[in-house]
Amino acid sequence: MMLNQTNPPILSISQLNRCAKELLEQQLGSLWLTGEISNFTQPVSGHWYFTLKDNDAQVRAAMFRMRNLRVAFKPQNGMQVLVKASVSLYEPRGDYQIIVDSMQPAGEGLLQQQFEQLKMKLAAEGLFAQQWKKPLPSVCQRIGVITSSSGAALHDILQILRRRNPSLEVVIYPTLVQGKEAAQDIVRSIEIANVRQECDVLIVGRGGGSLEDLWCFNEEIVARAIFTSSIPIISAVGHETDVTIADFVADLRASTPSAAAELLSRDQKELWQKIDYLQQRLEIAFNYLINQARQRLEKLQLRLQNQHPQTRLALQKQQYQYLNDRLYKAIQLYLQKRQQQQQRLQQRLWQIRLSDNILYQQQNLQQWHYRLTAAMNMLLQQQRYQLSQLSSRLDSISPLKVLQRGYTVTTTENHQLITSAKQVAIGQMLVTKTNNGEILSVVKQIKE
């Protein structure tokens with residue numbers, strides 16, 4: 001509600017309070033406030049009501065149940081706290097008050113606020129961008145450790161490195177990691193390591209502690225020293241749940257110092273296994289290359305052998321022998337044809353000489369043909385008659401004719417002919433052949 005200054009209207013109390021509430025909420029908005037809690041109450045609704053004061057003034061405060069459920073501690077009278085709140089006014093009573101959105105102890109709260117402000121500032125400058133992250137070396141030969149020389153973090157790092165890879169060299173840069181001078185000391189150690197260039201990678205960190213204990217790793221000078229380092233840096237600060245500005249700027253964050261040592265060291269057993277695997281692959285590759293080279297050598301030797309003058313001379317010699325053989329066969333064939341032609345001419349000559357006796361010889365031959373034919377016919381008739389006589393005699397003495405007259409032939413199962421009663425025994429199986437079949441019988445009695 002806007003008021004006309006030249007001719008102010010007459011307002012009711014409700015209108016006045018509403019106007020004041022709108023002015024407070026629109027003009028001030030959300031604020032960070034620090035002060036001491038007093039008059040703290042918590043009714044059955046779960047809301048918190050209290051007074052936030054300093055040495056000279058106080059203000060009423062309310063924190064509703066859905067907001068105070070996220071507070072990790074129980075507020076008490078006399079406690080110094082940091083709150084984020086919006087200014088408002090309770091219209092029914094006209095009481096000026098603040099509505100609290102979040103609350104934390106004053107010491108850690110201020111530090112957390114500084115942490116968030118620096119984080120936003122450095123992020124806006126691009127110090128956290130992935131494009132500036134330097135890759136870690138695939139194989140490390142020397143590691144630099146920037147930490148306290150008497151802290152547990154250094155002991156854990158050295159113990160893991162000795163166990164996993166004793167051959168890995170370690171350079172220790174003793175550094176303060178807690179207190180007002182710690183941030184400057186960490187920056188100095190990073191600069192010394194970059195000047196010496198004696199390490200492949202740096203581990204910057206310490207063991208766990210409170211936010212105040214770890215605060216040197218949230219200082220801006222430390223963040224910028226890590227960012228400008230030419231040597232890759234692993235941030236290993238506190239426990240796994242601790243997060244610092246150094247973690248965001250570093251090239252890699254390790255959850256603990258021990259985890260950083262494990263990242264940079266390779267287990268010997270795993271390393272030997274990889275060496276064995278690479279050796280096997282190398283042997284396979286060498287065998288393959290040797291086989292390829294041997295095959296190429298054999299091909300070249302074959303080509304050289306085929307193109308050798310002695311080989312070519314042998315081939316030409318074979319071709320000469322082949323042509324010589326063909327020539328000899330051609331001459332032989334030509335001579336044979338001439339010889340056959342000569343023989344044909346001689347036969348024709350003899351035929352001319354014997355042509356006068358041809359008719360006489362033909363007549364003589366015809367007479368002998370008639371006489372020979374008559375003699376063969378007579379001999380053939382005699383042989384047929386003898387064959388007929390022998391067939392009749394053979395048929396008369398054939399066993400089949402005997403069987404047709406009622407006789408039988410008895411044999412054993414093995415087709416052994418039975419000619420005497422002494423050849424059989426009681427219980428023996430016999431086969432009796434008749435004219436049209438066989439009879440199987442068993443001997444029960446033998447009579448002689």
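Glutamine 159 sits in helix α4, which runs over residues 152–164, and, at 43% relative accessibility, glutamine 159 counts as partly exposed. What I would point out here, bearing in mind that this is a predicted model, is that glutamine 159 and serine 258 are 99 residues apart in sequence, while their C-alpha atoms are 8.9 Å apart in space.

A contrasting pair involves lysine 134, which is placed in the loop between α3 (106–125) and β6 (142–147). The C-alpha atoms of lysine 134 and alanine 330 are separated by 91 Å, with the two positions 196 residues apart along the chain. Lysine 134 counts as partly exposed, because its relative accessibility is 21% and the buried class ends at 20%.

Lysine 134 also brings me to the interior, since Lys134 is one of the residues that line the largest cavity, together with Leu127, Ala129, Trp132, Lys133, Ile226, Phe227, Val249 and Asp251. That cavity has a volume of about 40 Å³, and the structure holds one cavity of 30 Å³ or more. How does its lining divide by residue type? There are six nonpolar residues, no polar ones and three charged ones.

Turning to open space, the second largest pocket holds about 240 Å³. Its lining comprises 13 residues, and those nearest the centre of the pocket are Tyr49, Ala61, Ala62, Arg93 and Gln97. Strands β1 (30–41), β2 (48–53), β3 (58–63) and β5 (95–105) each supply at least two of the lining residues, and by type the lining of this pocket divides into seven nonpolar, four polar and two charged residues.

Strand β5 appears again when we come to the salt bridges, of which the structure holds nine. One of them joins the side chains of aspartate 101 and arginine 67, with an N to O distance of 4.0 Å. Aspartate 101 lies in strand β5 and arginine 67 in helix α2 (residues 65–68), so this pair ties together parts that are 34 residues apart in sequence. Both partners are partly exposed, aspartate 101 with a relative accessible area of 25% and arginine 67 with one of 37%.

A more local case is glutamate 220 with arginine 224, where the closest N and O atoms are 2.9 Å apart; both residues lie in helix α6 (residues 220–228), four residues apart, which is about one turn of the helix. Glutamate 220 is partly exposed at 25%, as is arginine 224 at 30%. Glu220 and Arg224 are, moreover, linked with Lys121 and Glu125 in a network of salt bridges.

Next, the backbone. Most residues other than glycine have a negative phi. Which phi value does asparagine 39 have? Phi of asparagine 39 is near 55°, a positive value; asparagine 39 is found in strand β1 and counts as exposed, at 52% relative accessibility. Glutamine 197 likewise has a positive phi, near 50°, but this residue belongs to the loop between α5 (182–196) and β8 (201–206) and is partly exposed, with a relative accessible area of 46%. On either side of glutamine 197, arginine 196 and glutamate 198 form a salt bridge, their closest N and O atoms being 3.4 Å apart.

Finally, the surface: Leu282, Phe286, Tyr288, Leu289 and Ile290 form a nonpolar patch, with about 530 Å² of accessible area together. Leucine 289 is found in helix α9 (residues 268–307), and leucine 289 counts as exposed because its relative accessibility is 51%, where the exposed class begins over 50%.

Note on methods: Residues are numbered from 1 along each chain as its sequence is written. This is a predicted model: local features need pLDDT of at least 70, side-chain atom pairs count only at pLDDT 80 or more; totals for chains, interfaces and linings use all residues. Side-chain values use heavy atoms; hydrogens and water are left out. Patches are made of residues with over 30% relative accessible area and no salt bridge: like charges are joined within 9 Å, nonpolar side chains (Val, Leu, Ile, Met, Phe, Trp, Tyr) within 5 Å. Accessible areas come from the Shrake-Rupley method with a 1.4 Å probe; for residues, only the protein chains shown count as cover. Buried means under 20% relative accessible area, exposed over 50%, partly exposed in between (1.4 Å probe, protein chains only). On a 1 Å grid over the protein atoms alone, a cavity is a set of points where a 1.4 Å probe fits but cannot get out, and a pocket is an open set with protein on both sides within 12 Å along at least five of seven lines; lining residues have an atom within 4 Å of a point. Grid points are joined across faces, edges and corners, and a volume is the space filled by probe spheres set on the points. Ala, Val, Leu, Ile, Met, Phe, Trp, Tyr, Cys and Pro count as nonpolar, Asp, Glu, Lys and Arg as charged, and the others, Gly among them, as polar.
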